[in-house]
Structure formats: structure tokens, C-alpha cells
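The exercises below ask for a careful reading of a two-chain complex, each with a solution worked in steps. Please look over the sequence and the coordinates before turning to the solutions.

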Amino acid sequence: MSTPDSELDQHLQALFAGLDTAADFDARLMARLRAEPQTDATERAMRARQQERARYRRAVSELQSWRRSMLSLLTLDTLGLALLLIVAAITTWPRLGRDAMDISHQYGPYILISLGILIAAVPLLGMWAEQTRRPIRLL
Amino acid sequence: MLTDAGLMELVRAERRDEAIALLLPAFRRRVFGLAYSFLRDREAAEDVTQEVFIKVWRALPGFDGRASMSTWIYTIARNASLSALRAQRPQSSLTDPEVMEAVESINPVPSADVLVDRAAILRLVDQLPTKQRQVIMLFYMEEQSHEEVATMLAMPVGTVKTLLHRARARLSAAAGKMSATA
């Protein structure tokens, strides 16, 4: 086999110049493309459903985390502490009772106003905390 | 005359099928050649070419024109070919009987001697390093345009010229050895 450069060129051209797809390539492709919008719409609907499901799961888990955190406070330690406070209040009340009555007569309205402010502030604080957290997007 | 702006006008008018019909004659062979240079398997290269045009069809509305349409299509083609190559194990060879048959059917040759020469050259091309082989295939397929081959393979034109020179030197030397031993 003798292959000077020009002959090598000829051989390589003959080998690769005619390289092409099968004759029905365009027809097959166009048929696939015609079927494509339907596939596209189905895929998009499926993806939207999956995203919606994921968002719902996230929202539920965030709500559950509130419930869980409240329930997590209800431990033996907190119950024991509450019991201890009640026992302490009952045992010290007879001694403090008279003083407490005097204080309540004197500062009663102020105490009631402070309590009212505190009770009103709790939901406001809650709302503020909720806004500063990552919002739960349901839609 | 096929221009990127003209194609984008068709896409904006929701006439993507027409845009693809215009792109096909301009890029089908090149995309196929590029896929074939990676995969060395006609069927796999044809499958990849189909996938590339479907991807192009899907992505056309998002084409922002930062790169030219040809560069964009070749990038999609290279990525699709590499993905197919990773999935395709073991790799086929240019000298596989069915590949040889396919090449011969595309390029019928006049005499048995020439056929033997071409089969031998095909074997030699198959033994070249990947990049040299790709450059040789695309160069001779693309009617000897260094620039087009450079765009297809995302290489500088100088690199294409160097790879081509080395590949041709190797092929000449190997063919010379073969003729000396014959």
C-alpha cells in the first residue's frame, strides 16, 4: 500500500465526506417533535404536581414543628418544676398573704393594666416572630 | 440565507418546527459527524443527533444569542455525545464489521485494491489518539474547514491545525510502514 499525501487525502475524504444520517432521519425527527408538545405538557403538569406536594409536605412539617415544640416543653422536668412552684406558693402564701393583699389593694389597677398589656403583646410578638421567620408558602 | 436573527423571529412567532426544519439541513451532518467522532457507532450517533435536535427545539425559546447558534448547537451536541459515551461501554470501533460495512455502503469504491487501502486507513485512523481521530474525521467530512472543526470541537484553530498535522504524519508513517512490510 503506497500512500503519498494526496492519496491519503483522497482515501480520508472518501471515508468521511459521505458520512450522513439515514435517509428517513428528518421524517423521524419531525414525527418526534410533533409528539413533543404533549409530552411537554404532561411533564410540566407532573412537575407542578410534585412541586405542590413538596410544598404541602413542607408546610405541614412546619406546622407540626410548632406543635412538637409545645409538646416538647411538657417533660418530667417542667412538670416537676411547676409542682415545686405550686408547693412553694402554697407554703409561703400565709406569710405573704397579708402583705400581698395590701399590695394588691394599692397597685391592683396597675397590675391589671400591665397584665392586659402583656396579654395583648403576646399575639403581636408572635406575629412579628412569624414575619421574621421564613414564610410558609402554600401556593 | 439562514441567520440567527431570522431563526429567533420564527421562534418568537411560535414557529419552532419551521426553525428546526431550517436548521436541519445546515447542521444535521455536522452534528451527526461530531457525535460519530465521539461514539464511533452509526446508530448511537444517529440517536444522539435526534436527541440534540429535540433539545435544541426545546431550548430555542431560551436561546439568548450570547454565542452564535452554531456554537450553541455544537455545545449541546458535544455534551450529549459525552453523556452517551459514558453510558456506552464497551466502546465500538471504527473497524467493527458493521461500521466498515456502513462506510463502504456510503462510499462505494471502484476496486478491491482501493477497498483494502481504505479499510487499512480506517484501522489506522481508529488507532489515533481521540482528539487526532476526531479532527481527522471532522476535517475530511467538513470539506477541509479548519475553522468549522475548531468551532465543533471548541478548540482554537491553531490546535486543530497541529492535531491534523500530527494525525496526518502518523497516518502517512503508519501507511508507509504497512506498504514496506507488504
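**Exercise 1. Determine what the secondary structure of chain A comes to, and how many of its residues count as buried as a percentage.**

Step 1. In this predicted model, chain A is made up of three helices and has zero strands, so that, given how helices are assigned as DSSP runs, its elements read α-α-α from the N terminus on.

Step 2. Turning to burial, 6% of the 139 residues of chain A count as buried, where the cut-off is 20 or more other C-beta atoms within 10 Å.

Step 3. The confidence has to be read alongside: chain A has a mean pLDDT of 77, with 86% of its residues at 70 or more. Among its elements, helix 1 (residues 5–16) of chain A has the highest mean pLDDT, 82, and helix 3 (residues 76–132) of chain A the lowest, 78.

**Exercise 2. Describe chain B in terms of secondary structure, burial and contacts, and state which residues have a pLDDT under 50.**

Step 1. Chain B consists of nine helices and zero strands, and its pattern along the sequence is α-α-α-α-α-α-α-α-α.

Step 2. Of the 182 residues in chain B, 36% are buried, and among contacts between residues at least 6 apart in sequence, 66% join residues at least 24 apart.

Step 3. The pLDDT of chain B averages 82, and 81% of the residues score at least 70; over residues 106–110 of chain B, however, pLDDT stays under 50, and the model has nine contacts beyond four places in sequence for this stretch. Where pLDDT is low, the predicted coordinates should not be read in detail.

**Exercise 3. Work out which elements of chain B touch chain A, and of what kinds of residues that side is composed.**

Step 1. The contact involves 34 residues of chain B and 24 residues of chain A.

Step 2. Two or more residues on the chain B side are given by each of helix 2 (16–39), helix 3 (42–59), helix 5 (97–106), helix 6 (112–127), helix 7 (130–141) and helix 9 (157–181) of chain B, and helix 2 of chain B, with eight residues, has the largest share.

Step 3. By kind, the side of chain B that touches chain A has 21 nonpolar, six polar and seven charged residues.

Step 4. For the complex, the predictor gives an ipTM of 0.71 and a pTM of 0.59.

**Exercise 4. Trace the largest nonpolar core, and then locate helix 7 of chain B with respect to it.**

Step 1. The largest nonpolar core holds 49 residues, and those with the most contacts inside it are Val31(B), Ala35(B), Ala77(B), Ile121(B), Val135(B), Ile136(B) and Leu138(B).

Step 2. Elements of both chains give two or more residues to this core: helix 1 of chain A, together with helix 2, helix 3, helix 4 (69–87), helix 6, helix 7, helix 8 (146–153) and helix 9 of chain B. The largest share, eleven residues, comes from helix 2 of chain B, and the core draws at least three residues from each of domain 1 (4–87) and domain 2 (97–181) of chain B.

Step 3. Helix 7 of chain B is mostly covered, with ten of its twelve residues buried; among them are Val135(B), Ile136(B) and Leu138(B). From first C-alpha to last, this helix reaches 16 Å, close to the 16 Å expected at 1.5 Å a residue.

Step 4. Leaving aside residues up to four places away in sequence, Val135(B) touches Val149(B), Val160(B), Leu163(B), Leu164(B) and Ala167(B), and Val149(B) is itself one of the buried residues of helix 8 of chain B.

**Exercise 5. Decide whether Arg40(B) and Ala154(B) are each buried or exposed, and report the phi of each.**

Step 1. Most residues other than glycine have a negative phi. Phi is nevertheless positive in Arg40(B), near 55°, and likewise near 55° in Ala154(B).

Step 2. Arg40(B) is found in the loop between helix 2 and helix 3 of chain B, whereas Ala154(B) lies in the loop between helix 8 and helix 9 of chain B.

Step 3. Arg40(B) is buried because 23 other C-beta atoms lie within 10 Å, while Ala154(B) is exposed because it has 10 other C-beta atoms within 10 Å.

Conventions
Residues are numbered from 1 along each chain as its sequence is written. Chains are lettered from A and ligands numbered from 1 in the order in which they are written. This is a predicted model: local features need pLDDT of at least 70, side-chain atom pairs count only at pLDDT 80 or more; totals for chains, interfaces and linings use all residues. pLDDT is the predictor's confidence in each residue, from 0 to 100. Helices (H or I, at least four residues) and strands (E, at least two) are DSSP runs, numbered from the N terminus. Two residues are in contact if their C-beta atoms, placed from the backbone, lie within 7 Å. Ala, Val, Leu, Ile, Met, Phe, Trp, Tyr, Cys and Pro count as nonpolar, Asp, Glu, Lys and Arg as charged, and the others, Gly among them, as polar. The expected span of a helix is 1.5 Å times one less than its number of residues. A nonpolar core is a set of buried Ala, Val, Leu, Ile, Met, Phe, Trp, Tyr and Cys residues joined through C-beta atoms within 7 Å. Domain bounds come from an automatic or database domain assignment.
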